[in-house]
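These are my notebook entries on a single protein chain. I set down what I looked up, in the order in which I looked.

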Amino acid sequence: MFTNRPSGRLRAATAMLILALVAVLTACGSSDTTDAGPREVPSAKGPIKVPASPQRIVVLNGNLAGYLYDLEATVVAADPRLLGVPNKPGEFPTGWAEDAKKQGTQAVPSGENINLEFIAAQRPDLIIGGGQGYPAQQSVNAYDQLSAIAPTVLMPTETTNWQDQLRFLAETVNKLAGVDTLIANYQAKLDEAKSKIKPAQGATTVFQSIKSQKPTLFVPSAALPSLLAEVGFTLDTQIEAKAGNPAKEQSADFIGFSPELINTVIDAPVLFVVPLSGGRSVDELRNDPLYASLPSFKANKVFELPATSSRPDYRTVMTTLDLLVERFQ
């Protein structure tokens with residue numbers, strides 16, 4: 001009895017032929033591309049395989065988002081929070097709001113926990129988190145759930161220098177070409193700034209003025225103190241020891257301590273104050289007898305910087321250099 005259906009052997013042979021043809025076409029189409037497959041990149045959780053050219057990136061730390069726009073990476077969603085910078089729900093920081101608008105970036109909803117449903121709905125092919133601050137800690141805490149959605153790369157907490165952060169992210173998103181230019185631009189600006197800046201003499205401490213009024217200092221290895229050291233200020237490296245080495249979150253680049261220890265911990269003759277959202281300004285602190293008695297206030301060596309300078313990326317580090325030149329030339 002004749003039949004029009006192919007035999008099992010013929011079907012198997014046909015399938016093998018199709019697979020072989022697809023393999024040949026794929027090889028031909030990618031013969032000039034050396035990075036078409038997944039790449040392995042470093043992460044705080046160990047090496048992670050990521051797409052060769054990610055097209056739907058979700059970034060869960062607002063301090064890292066600006067780098068991705070500088071690298072011309074595609075960001076489908078970003079956490080809009082920056083330390084101490086107030087913004088309305090869904091509103092991005094002014095430093096990269098225009099970039100977010102051009103790309104159609106969505107704001108990741110803020111809350112006590114990461115909104116995993118929102119992130120999954122963005123269909124990301126890469127998630128980036130980690131670094132410093134509360135949003136960074138949230139991404140660390142939710143790492144397993146995030147990894148189930150898409151490859152998740154966490155920037156190590158100890159990577160605080162903006163150049164290192166830039167290189168880390170450039171490698172993650174395969175956009176290394178522009179890195180040297182950005183760093184060269186900064187170095188030229190830094191050299192010019194150092195030739196003009198006359199740093200205040202004496203040990204220097206960087207104070208976070210926060211809404212709760214709890215005394216809080218950036219550790220010397222944090223981004224802003226490191227920048228001040230680059231332009232010639234001498235950092236007080238003993239603040240943690242003087243505060244009794246208080247415990248801090250893994251992603252924290254600051255310490256908090258009891259008000260009773262203020263005169264012991266903040267005894268440096270030079271003080272920078274960074275008022276965060278709801279925090280007191282230098283003038284308001286000067287009216288508080290507890291702070292007015294400090295050596296820096298008595299010597300009138302207290303200087304204020306905006307919240308955007310607290311964890312500077314490429315854009316804000318350039319702006320902060322301008323502010324320092326304006327104040328200390």
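**Entry 1. Surface and overall make-up**

I began with the surface: the protein chain exposes about 16,500 Å², and carbon and sulfur atoms supply 53% of this area. I note here that the model is a predicted one. Of the chain's 329 residues, 47% count as buried. For secondary structure I recorded 15 helices and 13 strands. I then turned to contacts between residues at least 6 apart in sequence, and found that 70% of them join residues at least 24 apart.

**Entry 2. Confidence**

I looked up the pLDDT next. The protein chain averages 89, and 89% of the residues score at least 70. Over residues 1–35 the pLDDT stays under 50, and for this stretch the model has three contacts beyond four places in sequence. Where pLDDT is low, the predicted coordinates should not be read in detail. I therefore took no detail from residues 1–35, where pLDDT stays under 50.

**Entry 3. Aromatic pairs around Phe 233**

My search of the whole structure for aromatic pairs returned ten. I examined Phe 233 and Phe 272, whose ring centres lie 5.2 Å apart; their planes meet at 85°, so I entered the pair as edge-to-face. The two residues come from distant parts of the chain, 39 residues apart: Phe 233 is in the loop between α9 (223–230) and β10 (234–235), while Phe 272 is in strand β12 (residues 270–275). I found both Phe 233 and Phe 272 to be buried.

Phe 233 also pairs with Phe 328, again edge-to-face, at 5.1 Å centre to centre and with 75° between the planes. This pair, too, links distant parts of the chain, since Phe 328 belongs to helix α15 (residues 314–328), 95 residues away from Phe 233.

Is Phe 328 buried or exposed? Its relative accessible area is 7%, so I list Phe 328 as buried. For Phe 233 the relative accessibility is 4%, which means that Phe 233 counts as buried.

I recorded one aromatic cluster made up of Phe 233, Phe 272, Phe 303 and Phe 328. I also looked for charge over the ring of Phe 328 and found the charged end of Arg 327 there, 5.3 Å from the ring centre.

**Entry 4. Salt bridges**

Side chains of opposite charge can pair when their charged atoms come close. I counted eleven salt bridges in the structure.

One of them joins the side chains of Asp 322 and Lys 189, at 2.9 Å from N to O. Asp 322 lies in helix α15 and Lys 189 in helix α8 (residues 179–196), so far along the chain from each other that 133 residues separate them. I read a relative accessible area of 42% for Asp 322, which is partly exposed. Lys 189 is likewise partly exposed, at 23%.

A further salt bridge holds Asp 267 and Lys 242, with the closest N and O atoms 2.5 Å apart. I placed Asp 267 in the loop between α11 (262–265) and β12, and Lys 242 in helix α10 (residues 239–242), 25 residues apart. Asp 267 is partly exposed at 35% relative accessible area, and Lys 242 is partly exposed at 24%.

I then checked Asp 288 and Arg 280, whose side chains meet in a salt bridge of 3.0 Å, N to O. Here both partners, Asp 288 and Arg 280, are buried. I also noted a network of salt bridges that links Asp 70, Asp 99 and Arg 315.

**Entry 5. Two single residues**

Asp 191 is found in helix α8. At 43% relative accessibility, I count Asp 191 as partly exposed. The C-alpha atoms of Asp 191 and Val 231 are 8.6 Å apart in space, although the two residues are 40 apart in sequence.

Ser 209 has its place in strand β8 (residues 203–209). I read 3% relative accessibility for Ser 209; because under 20% counts as buried, I list Ser 209 as buried. Which residues touch Ser 209, leaving aside its neighbours within four places in sequence? I found Ser 209 in contact with Val 273, Val 274, Pro 275, Leu 276, Gly 279, Arg 280 and Leu 285. Among these, Arg 280 is the residue that I had entered above as the salt-bridge partner of Asp 288.

Note on methods: Residues numbered from 1 in each chain as written. Predicted model: local features only at pLDDT ≥ 70, side-chain atom pairs only at ≥ 80, totals over all residues. Heavy atoms only, no water. Helix = DSSP H or I, 4+ residues; strand = E, 2+ residues; numbered from the N terminus. Buried < 20%, exposed > 50% of the residue type's maximum accessible area, 1.4 Å probe, protein only. Contact = heavy atoms within 4.5 Å. Areas by Shrake-Rupley, 256 points an atom, 1.4 Å probe, with all protein chains shown as cover. pLDDT = per-residue confidence, 0-100. Phe/Tyr/Trp six-rings, centres within 6.5 Å; stacked < 30°, edge-to-face > 60°. Lys NZ or Arg CZ within 6 Å of the ring centre and 35° of its normal. Salt bridge = Lys/Arg side-chain N within 4 Å of Asp/Glu carboxyl O.
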